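Let's take a walk through a protein model together, starting with the overall picture and then zooming in on a few spots. Keep the 3D view open and turn it as you read.

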Amino acid sequence: MMEMFRPSWRQLWKEWELRGLVILSLTAQIILVVLGNRRKYIAGTWIRLIVWSTYLLADYIAAMAVGILSNDLGEVYSKHSGFVDAGYELRAFWAPLLLSHLGGTDAITAYSLEDNELWRRHSFGVITQAIMTLYVLLTAWTSSRFSLLSIAMFWVGFVKYSERVCVLYLASQKKFRNLIPNIPTDGSKVTAECKLKEVEGYNLTHQVLEVEVLDHSANTLSDEPIPGANDLLTAISFLEMVKRLFADVILGFNDRDVSRAIFEKEDFSADKAFKIIEIELSFIYDLLYTKAKAVYSLWGIIVRIIGIILTISVFVMFLTLIEKQGYSKIDLNITLVLLVIAILLELCAIADLLLSDQTAHWLIKHKKTAILQKIECLSPLSQKHRWSNSINQLTFSTEEKAFPYRILKILCIDELLEIHRYETPASLSSDLKKFIFEEIKKIRPPEEKKGSATDLKALFGRRGGRTVRKHNRDDLDWSVKLGFDQSILIWHLATLIYSKIESSKRKGHTSSNGDDANIKISKCLSQYLLYLLVVHPDMLPIGIGHIRFQDIHADVGNFIEQGISKKTITTVIPTIRGGGNFVIVNACKLALALLYPDEAKKEYKSNKTEEVTEGCKSNEPNEDGEENKSEHRKDNWDMIANVWLEMLGHAASQCGGAHHARQLRKGGELLTHVWLLMAHLGLTDHFQIEYSPTIAASVVW
């Protein structure tokens, strides 16, 4: 019977099977160290794909290598009557190093939040892999110094793997929430005061509680010798509040009042607000996806110091022992590389620890600014990358599909990659940050007079209705009362239509900087909300289904290809009764109302069905009304930008903390930053505090 592989090939495979797996395991560790933490501020698909595949393969490769090693050593032990030669003794030394690989790196412990929930499985893995490693070491035990070195490395690997399991457990959803302390109510003190008043003869119907407001200004430096130091201190002072938000835990009014007092200061800029939020999200990312919980503790620092000392000691002693033994040069070189890389990875971990925000905070807190200034030369606080600072945008296009996509369609995987063809990343501009920050700050004060300053349904629940009413455009109210997904699609296409027609009409005319800024902001938010609707519908309010972008894009693409003009959109309107595309028809209707507001208002008041279309046909722009039209144009873009902001605020307020946390590993989302900004300004449902039973019993007469 003919053999598929030659005996020489099988022998080559047998010799290099274990070596190849060990080298692959080491390569996986290097990739995870280099890219594991960078996904926090790199939003590209390529880095997620590399980290995901490496993270999944790393554990399997290391476990498989230990299994093969135990099998090989078992055979050798039986063949040589209990004696192990030097070559197999050297290979047995790889087992504790592979156990260290299973412990992972400080840069990444979980690829996704769901990995944290698998801490029980990893606990079982620690036990089984430790037993397997001990079996390998005992099988190859010779009572030599080399065997003692293996035990030292076994301790390093076992502690590292156990630490990983501990961090996964602490980052699991239930434990993360349980570690957050309850809001202190000081109920016993209130009860005592109430009973005293009752003894004095008072009938208590209510009790005014005096709450001590923490002074967060004490956590800032009066003179900031290091740029970004005050932002870091402010962010850390709010960290417990942010953790409560991500865990969906109730917040106290004290958090709201202190946060608002800082974020509503007149000299508090949008860049500063977003920088503080950026630092807060960076801390949350570290707690959920890295070994930060262990690294930035006294135990973690001690373990790392002992670990690197042991590893360096083993490396030095290993160099003195190999001269007396006849080891295989290939195996010897692989072992040396394993030890050298292990030392370098430990040094990288210590370097990351020294350059981290947590270390900077500790140095500032203990007034060691001289040391921090030296560290600043290597990694300035104000220039650290903590998120991608970009937003993905999606819009409709008429471009033909490239040839590879036709192949993907044949393979039935085109849906997975189609969206990326029309998705374009864009940097988050300072103008957009300023617009979001300033407009959200303006929302609360007027509503406080009405008594609805904390009612998110009144502030953002109308999804643009408040802005439409503010601009006296009740005729557009229908467009924001539709389903949220339909409103996004209609307003997105209407913004596109209105922009194209206005730009063609305004050729040769100059516009103010304010108009240009609102146009850019409107387009940016419009394309971003469409991106969320198509790619991340789970981040939008409950009830939003998955949108098949291909189905919508086919109809809208054909409409755009015909050319957008007043004539095109006026011919589309009558098809609303004839079964025309719902999104296209209503987007054209909305665009016409924006182009000709007077006629739209008349049609709304008189409820005449076709008046807006006929009015648009008979009212061409004229020179006498140019100033009035310019004012309409300015008001329209201001309204459009604020409608999109109101929709963004509604989406942010309705998205749960877990959904926001999932996006941190993908470079972050603007929606998460807006969510935290609203919380800092007191615009969240989390700011509620329940009375304790003792207080409730005291206030009832």
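Start with the building blocks: the protein has 35 helices and two strands. Keep in mind that this is a predicted model. Of the 701 residues in the protein, 51% are buried. Now think about which parts of the chain touch each other. If you take the contacts between residues at least 6 apart in sequence, 81% of them join residues at least 24 apart.

Next, look inside. The largest nonpolar core contains 123 residues, and Phe263, Ile436 and Leu677 are the ones with the most contacts inside it. Helix 13, covering residues 270–289, gives the most to this core, namely 13 residues. Let's zoom in on one of those well-connected residues. Which residues does Ile436 contact, if we skip its neighbours within four places in sequence? Its partners are Phe274, Leu645, Leu648, Leu670, Val674 and Leu677. There's also another core, lying apart from the largest one, with 36 residues that include Ile61, Ile68, Leu149 and Ile343.

Now for a pair of helices. When two helices pack together, we describe them by the angle between their axes and the distance between the axes. Find helix 17 (residues 357–365) and helix 18 (residues 369–376): their axes come within 8 Å and cross at roughly 150 degrees. Angles over 145 degrees count as roughly antiparallel, so helix 17 is roughly antiparallel to helix 18. Who makes the contact? On the helix 17 side you'll find Ala360, Leu363 and Ile364, while helix 18 brings in Thr369, Ile371, Leu372 and Ile375. Sort these residues by type and you get six nonpolar, one polar and no charged.

The loop between helix 17 and helix 18 is worth a stop too, as Lys367 sits there. Its phi is near 55 degrees, a positive value in a residue other than glycine. Is Lys367 buried or exposed? With a relative accessible area of 73%, Lys367 is exposed, because the cut-off for exposed is over 50%. You can find a similar story at Asn472, in the loop between helix 23 (465–470) and helix 24 (477–480). Phi of Asn472 is also near 55 degrees, again positive in a residue that isn't glycine, and Asn472 is exposed at 58% relative accessible area.

Let's compare that with some residues in helices. Asn518 belongs to helix 26 (residues 513–535). Its relative accessible area is 13%, so Asn518 is buried, since buried means under 20%. Leaving out residues up to four places away in sequence, Asn518 touches Phe435, Trp637, Asp638 and Ala641. Ala349, in helix 16 (residues 329–354), is buried as well, at 16% relative accessibility. The C-alpha atoms of Ala349 and Asp106 are 6.6 Å apart, although 243 residues separate the two along the chain. Then there's Ala261 in helix 12 (residues 253–263), which is partly exposed with a relative accessible area of 49%. Its C-alpha atom is 9.3 Å from that of His680, and these two residues are 419 apart along the chain.

Last stop: the cysteines. How many disulfides are there? A disulfide needs a pair of cysteine sulfur atoms within 2.5 Å, and by that rule the count is zero. Two cysteines to look up are Cys348, which counts as partly exposed at 36% relative accessibility, and Cys588, which counts as buried at 0%.

Note on methods:
Residues are numbered from 1 along each chain as its sequence is written. This is a predicted model: local features need pLDDT of at least 70, side-chain atom pairs count only at pLDDT 80 or more; totals for chains, interfaces and linings use all residues. Side-chain values use heavy atoms; hydrogens and water are left out. Buried means under 20% relative accessible area, exposed over 50%, partly exposed in between (1.4 Å probe, protein chains only). A nonpolar core is a set of buried Ala, Val, Leu, Ile, Met, Phe, Trp, Tyr and Cys residues joined through side-chain atoms within 4.5 Å. Helices (H or I, at least four residues) and strands (E, at least two) are DSSP runs, numbered from the N terminus. Contact means heavy atoms within 4.5 Å. Axes are lines fitted to C-alpha atoms, for helices over the stretch in contact, and angles run from 0 to 180 degrees between N-to-C directions. Angles under 35 degrees count as roughly parallel, over 145 as roughly antiparallel, 65 to 115 as roughly perpendicular and the rest as oblique. Ala, Val, Leu, Ile, Met, Phe, Trp, Tyr, Cys and Pro count as nonpolar, Asp, Glu, Lys and Arg as charged, and the others, Gly among them, as polar.
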